[in-house]
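Please open the model in your viewer and keep the selection tool at hand. We will go from stop to stop, selecting as we go.

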Amino acid sequence: MLAQNQGSPEKIEKGVRGMIDHMYGKHENCDIKWCGFLKDRASYRHTNLPFGKDLKSESLKADLEKLFLGKIESQSKKLSKLASSQANESFNHTVSTKAAKNKHYSGSSSLNYRVSAAVLQKNEGYGYVSKVSEAAGLSPGNETIKRAIRLNGKRDKKSERAKTKQHKKRRINLKKERSVKSTGVEIREGRTYESEIGMDNEQLDEEIPAPMNASLCIPIDISTAPLVVFDLETTSLFDDTRALFKSLTSKALNNLDSFVFPVSHPYDCIFQQDNLKSYNEAIACKAITRATALKASKSNLKLSHLKLSIERMGLEGLKALLSEKTDRGNVRVTNCMKVIRKIFDFLTPES
């Protein structure tokens, strides 16, 4: 809306009011560029409102008007200019390639030439080197010209690609992924940096385990896996040691002897069975399904870890923990808000 009405404070004010009225079924201030009702009055339904219907709450409307009309309308002149520091940041980066910040070029007579080179590259492109050489009576250099043409073409393609809808969507998605990843790490680590944290006599916050490396996981039902006790003997002390598992005993298995090679990363099923036991009460109360509890247990999460995430950031903390991405890009437990809300309600009955 701001980009469409750049340079027009009046249209920005009208657009802000139109967005609020649009959600309440009033389209007098809407613009056909973005209002679906004006394009198709017969079959239009809201895509981002419950059941696609108009809002009815007058108190909510009053709050929206107070929030948007009270602040944005008063700043419409500033917003209409759409000022951005991106061009300045881009130029500063170009200058840093000519005059590196880790070198003291400010005390050198070459600083003016370096900054001038950055200005020429910004305004004229990479061909400025050949033009300067030619003006000085020197050969512009065929290879220099070819390189400048190649770099200018690369810059133009990058600029055009950045303007496409797909590239902008991709940039937004990457930003969301970084934000989700950062939030997940903050939830797991707890307090690691704050004012006078070293002077606090209390222990630092407990760290929630990270998602297990998927390559180390063996598909096994930890709820029914038998507990086996064995006496381990080895054939030597070298790297190619072979292990002899003697006197295996189990409630589910008969005594037997087996000859196997040792593995580098044994699948620790015992800890995950302990994790699963912590969800017994939640499963009994139907606050969480057994399948979800199994998935959380295999991801090194106990019920106490879920409580800890709520203490740190409430519902958003629980969501960030359960929907954190694994090393393979999969969701750690679940990203279904219905499931997350049910677990949250179980862990916070007083709220």
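Select K98 to begin: this residue sits in helix α5. Helices here are DSSP runs of H or I with at least four residues, strands are runs of E with at least two, and both are numbered from the N terminus. This is a predicted model, in which local features need pLDDT of at least 70 and side-chain atom pairs count only at pLDDT 80 or more, while totals for chains, interfaces and linings use all residues. Residues are numbered from 1 along each chain as its sequence is written, and side-chain values use heavy atoms, with hydrogens and water left out.

K98 counts as partly exposed because its relative accessibility is 22%; buried means under 20% relative accessible area, exposed over 50%, and partly exposed in between, with a 1.4 Å probe and protein chains only. Now show what surrounds K98. Beyond its neighbours within four places in sequence, K98 is in contact with R114, A118, Q121 and Y128, where contact means heavy atoms within 4.5 Å. Add A117 as well: its C-alpha is 7.5 Å from that of K98, although the two are 19 residues apart in sequence.

Next, the second largest pocket. Select S90, K122, R155, K158 and S159, which lie nearest its centre among 17 lining residues. A pocket is found on a 1 Å grid over the protein atoms alone, as an open set of points where a 1.4 Å probe fits, with protein on both sides within 12 Å along at least five of seven lines; lining residues have an atom within 4 Å of a point. The volume is about 760 Å³, taken as the space filled by probe spheres set on the points, which are joined across faces, edges and corners. Colour α5 (86-98), α6 (111-124) and α8 (142-162), since each supplies at least two lining residues. Which helix gives the most to the lining? That is α8, with seven residues. By class, the lining has four nonpolar, six polar and seven charged residues. Ala, Val, Leu, Ile, Met, Phe, Trp, Tyr, Cys and Pro count as nonpolar, Asp, Glu, Lys and Arg as charged, and the others, Gly among them, as polar.

Now go to the cysteines. How many disulfides does the structure hold? Zero, with a disulfide taken as a pair of cysteine sulfur atoms within 2.5 Å. Select C35 and C30: the sulfur of C30 is the closest cysteine sulfur to that of C35, but at 3.8 Å it is too far for a bond. C35 is buried, at 0% relative accessible area, whereas C285 is partly exposed, at 49%.

Move one residue along to K286, in the loop between α11 (280-284) and α12 (290-298). K286 is exposed, with a relative accessible area of 64%. Its phi is positive, about 60 degrees, although K286 is not a glycine. Most residues other than glycine have a negative phi. N300, in the loop between α12 and α13, also has a positive phi, near 70 degrees.

From N300, step to H305 in helix α13 (residues 303-322). Is H305 buried or exposed? H305 counts as buried, at 7% relative accessibility. Leaving aside neighbours within four places, its contacts are E206, I208, P209, N300 and L321.

Finish at N330, in the loop between α13 and α14 (337-347). N330 is partly exposed at 45% and, beyond four places in sequence, is in contact with E324 and K325.
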